[in-house]
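I set out to record what one helix, one residue and one pocket look like in this entry. My notes follow in the order in which I looked things up.

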Amino acid sequence: MKKLVIVATMATFITACTTMDDPNRQAKIGAAVGAAAGAVVGYVVEGDAGGAAVGAVVGAAAGGGIGYYMDNQQKEMEAALAEEQARHDLEIKRLEDETLKIEVSSEISFDFGKSSLKQAFMPTLQKVSEILVRYPRTVIHVVGHTDSVGSESYNMDLSRHRAQSVINYFVLQGISQSRLVTVGRGEIEPRASNDTEAGRQLNRRVEIYVKPVIEGQESQAYETPQGSQI
């Protein structure tokens, strides 16, 4: 009888945590299932209130295990993009808030002054897309940057269009538009001096931020990354 009560409570808990029109429904269901399942595991192991308390702790880790979730995603990214990293075509970083940052040189992704994707860049984006599809509890921000050649308004538009080209490719690969955010930075966040060609090359880049959707803090995943230094 006690087991039936726990299962019924689990179903009620999940229903209360999510509605059909909630854009973060899948993320919330995952967290709810983890927490509720922990209570069931605790009961089965111990069969008393003490066991349920232990299970609840396990469930919280399973439901809110963002670090583990992002660890696995990072490992897959690094394995799939090992050749690109070896060629210094891109760099993968893990930020303090568990966000994954993939920084891509525009030299391999776009022709000078253009916003259409290079054909040679498609296989790399395909690898990234396949992994992003497998990890739906994230929001992806694509941020475009330019050097200072040309007017500030031109560079801002160019950076937005480049970011949007990456977004469009992701959508074609089956990533939900609701997970995607386009950001243009133009020339305002250089990595290096624009006085040299080497510096300008570093400044022409696209950054892909993969931010986890955290239970109870869903809106934070949609907040725009503030600066390339984060």
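Entry 1, helix 7. I worked from a predicted model throughout. I listed the buried residues of helix 7 and found Thr124, Leu125, Val128, Ser129, Ile131 and Leu132. These residues cover an arc of only 170 degrees around the axis, which puts them on the same side of helix 7. I recalled the general rule that an α-helix has 3.6 residues a turn, so residues three or four places apart point the same way.

I then checked the length of the helix. Helix 7 comprises the 13 residues 122–134, and at 1.5 Å a residue it should span 18 Å. I computed 19 Å between its end C-alpha atoms, which agrees.

Entry 2, Glu84. Is Glu84 buried or exposed? I found its relative accessible area to be 3%, and because buried means under 20%, Glu84 counts as buried. I located Glu84 in helix 5, which runs over residues 82–86. Leaving out residues up to four places away in sequence, I noted that Glu84 touches Asp89, Leu90, Thr124 and Lys127. One of these partners, Thr124, is also among the buried residues of helix 7.

Entry 3, the largest pocket. I obtained a volume of about 250 Å³ for the largest pocket. Its lining has 14 residues, and His88, Glu103, Ser105, Arg191 and Leu202 are the closest to the centre. I sorted the lining by character and counted 4 nonpolar, 4 polar and 6 charged residues. Which elements each supply at least two residues of this lining? I identified strand 1 (90–94), strand 2 (100–105) and helix 9 (197–203).

Technical notes
Residues are numbered from 1 along each chain as its sequence is written. This is a predicted model: local features need pLDDT of at least 70, side-chain atom pairs count only at pLDDT 80 or more; totals for chains, interfaces and linings use all residues. Side-chain values use heavy atoms; hydrogens and water are left out. Helices (H or I, at least four residues) and strands (E, at least two) are DSSP runs, numbered from the N terminus. The expected span of a helix is 1.5 Å times one less than its number of residues. Buried means under 20% relative accessible area, exposed over 50%, partly exposed in between (1.4 Å probe, protein chains only). The arc is that of the directions from the helix axis to the C-beta atoms. Contact means heavy atoms within 4.5 Å. On a 1 Å grid over the protein atoms alone, a cavity is a set of points where a 1.4 Å probe fits but cannot get out, and a pocket is an open set with protein on both sides within 12 Å along at least five of seven lines; lining residues have an atom within 4 Å of a point. Grid points are joined across faces, edges and corners, and a volume is the space filled by probe spheres set on the points. Ala, Val, Leu, Ile, Met, Phe, Trp, Tyr, Cys and Pro count as nonpolar, Asp, Glu, Lys and Arg as charged, and the others, Gly among them, as polar.
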